[in-house]
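I opened this entry to look up the packing inside the chain and a few places on its outside. My notes follow in the order in which I looked.

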Amino acid sequence: MKKTLTLVMLALIAGTITGQEPNKRFQRLENYLNECGSYNIVHRQSATMRGTIVHSWDTYFQQMTLEEPLFNEDMSEAEREEIAASYDDINAARRRKSAEMVDSVRLTFAHLAAEASESYCYEYHKGNIDTIKYTWVYRADGDTRLSPSPRFKEWWQIGNARELVNFSYDKGYDSSDKAIVEKASYNHNLVLQSNITPDKMQTFDIEAFETHINPALKAFKKLKGAKAYPVYWRHDEGFEDDVKPNEGLIRREVRYGRPTYGLVTGTHYFIPLSQGKEAEALYKQLIDQAYDYVNNHPEQLYTYKFTSRFSMYNLEDVVVGRRYKDNDDDYYISCMCDYDGYHILAITSKGDRWIPRDWQKLKSYINGEKTYRKGLEPKGKKE
């Protein structure tokens with residue numbers, strides 16, 4: 001499935017704007033990382049304020065290996081030895097797999113260094129400490145060295161970069177957890193030039209987009225047991241809430257660096273778990289219609305995430321329509337599947353977007369005060 005999806009995405013990229021394609025060797029590396037299972041490559045397409053279309057492939061990896069296994073006090077010596085032996089085998093396999101993945105990245109960057117406009121490599125190794133950083137840059141207009149050096153910068157910090165790949169890896173000992181901790185990040189960006197100049201860019205047209213995807217949304221509403229609920233989440237300027245266990249929010253997005261006000265309205269579509277086969281089929285129709293719209297409107301600011309099914313237990317923004325002017329609204333199509341069923345949020349955000357905890361069950365959220373739909377109140381709480 002992943003290989004098929006990758007081929008489809010490459011075909012889509014080849015047909016957009018100028019027909020430029022991502023470096024095939026990096027794409028093979030990304031396929032390999034996906035197949036390893038530890039890395040999950042996320043692919044997005046965005047229209048930017050510069051009038052460019054940017055494809056990004058990103059992933060993050062973290063692994064912790066305990067120094068020694070944890071034993072229960074009542075375990076026998078034989079049980080401890082058996083667990084220790086199994087633990088050593090598992091850790092050895094994890095270390096080997098991690099080393100193979102890092103070596104694959106190292107070889108790919110080394111092989112492609114000669115093709116780059118600029119490439120950078122830094123490695124430090126001592127005992128249990130490893131630090132690796134690679135950057136590969138290809139520019140469309142010559143090989144003149146940039147000043148200052150773009151070493152390990154993000155794509156938007158490098159002028160004229162048509163394609164940029166960054167990899168960072170750190171391994172070290174964490175004394176508080178008594179464990180070896182490994183962290184890695186991979187970022188690949190391809191910048192495609194459109195015929196839209198920055199002054200012609202526009203705010204995402206919410207009304208036109210919703211008209212375009214309406215056939216899919218109507219089909220969802222026709223499924224047995226499906227419901228559509230209004231969304232109303234508001235926080236006024238000066239009100240504070242936070243994203244912590246047992247706090248009011250699961251997500252907090254601030255426009256200008258500090259919380260101000262926010263109002264989120266729209267529709268929450270719910271489909272029972274029993275309609276899973278039909279819901280997943282309609283999801284493909286929804287994302288196809290959404291992609292058709294954004295791919296044909298490079299003059300509107302958006303981000304589209306390539307997916308193939310509902311996200312499990314994690315609310316995922318599939319389409320984000322961005323504002324061009326400060327007083328314009330943002331727009332989101334977000335999807336998730338949980339133990340109750342399938343959820344689609346089609347929402348407009350004025351100001352900051354705060355997503356309240358238990359949003360699936362709420363009638364409203366106003367300055368921290370939650371009103372639940374009938375029968376969905378937490379135990380001991382009645383609205």
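I count two residues as in contact when heavy atoms lie within 4.5 Å. The model is predicted, so I note that local features need pLDDT of at least 70 and side-chain atom pairs pLDDT 80 or more, while totals for chains, interfaces and linings use all residues. Residues are numbered from 1 along each chain as its sequence is written, and side-chain values use heavy atoms, with hydrogens and water left out.

I began with phenylalanine 220, which, leaving aside neighbours within four places in sequence, is in contact with Ala226, Ile271, Ala279, Leu282, Tyr283, Leu286, Phe310 and Ile344. I then looked up the largest nonpolar core (buried Ala, Val, Leu, Ile, Met, Phe, Trp, Tyr and Cys residues joined through side-chain atoms within 4.5 Å; buried means under 20% relative accessible area, exposed over 50%, partly exposed in between, with a 1.4 Å probe and protein chains only). This core has 61 residues, and Phe220 is among those with the most contacts inside it. Its largest share, nine residues, comes from helix 5 (helices are DSSP runs of H or I, at least four residues, and strands are runs of E, at least two, numbered from the N terminus).

In helix 5, I found Ala279, Leu282, Tyr283 and Leu286 among the buried residues.

Lastly I turned to lysine 361, which sits in the loop between strand 14 (353-356) and strand 15 (362-366). Lysine 361 is partly exposed, because its relative accessible area is 25%, and, beyond four places in sequence, it is in contact with Tyr339, Tyr372, Arg373 and Leu376.
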